[in-house]
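I opened the model to look up its surface and its pockets. My entries follow.

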Amino acid sequence: MLIVLGRKDWPTHVYDGSLVMGNMMLAAHSLGLGGIWIHRAKEEFDKPEWIEVLDNLGVQGEWEGIGHLVVGYPDGPIPEAAKRKDNRIFWIE
């Protein structure tokens, strides 16, 4: 499991952390791994006991949890992508 945190004093920390999560999921997929984003990190790292865990790991400062990424080998083939919905992309020339 990988955990992404963003510094609360950075105005784009949620966007940056979300991009990190997406890039890690793409990287896992490129290696034949599966990944799932668990979206509970914000609530988790607002709790004193988890702030203490970060402190014990040497992670200092004010951090917001962005997400947990669980990575592993899929049990079976990776499913095909779902059919894209019509009228979701518009080209303007």
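I started with Ile-3, which counts as partly exposed because its relative accessibility is 41% (buried is under 20% relative accessible area, exposed over 50%, partly exposed in between, with a 1.4 Å probe and protein chains only). I note that this is a predicted model, where local features need pLDDT of at least 70, side-chain atom pairs count only at pLDDT 80 or more, and totals for chains, interfaces and linings use all residues. Residues are numbered from 1 along each chain as its sequence is written, and side-chain values use heavy atoms, without hydrogens and water.

I placed Ile-3 in strand β1 (a strand is a DSSP run of E of at least two residues, a helix one of H or I of at least four, numbered from the N terminus). From Ile-3 to Ile-38 I read 9.5 Å, C-alpha to C-alpha, across 35 residues of sequence.

I found Met-1 in the segment before β1 (2-7). Met-1 is exposed, at 66% relative accessible area.

Next I looked up the largest pocket (on a 1 Å grid over the protein atoms alone, an open set of points where a 1.4 Å probe fits, with protein on both sides within 12 Å along at least five of seven lines; lining residues have an atom within 4 Å of a point). I noted a volume of about 150 Å³, that is, the space filled by probe spheres set on grid points joined across faces, edges and corners. Its lining includes Lys-8, Phe-45, Asp-46 and Trp-63. Helix α3 (residues 48-56) gives the largest share of this lining, three residues.
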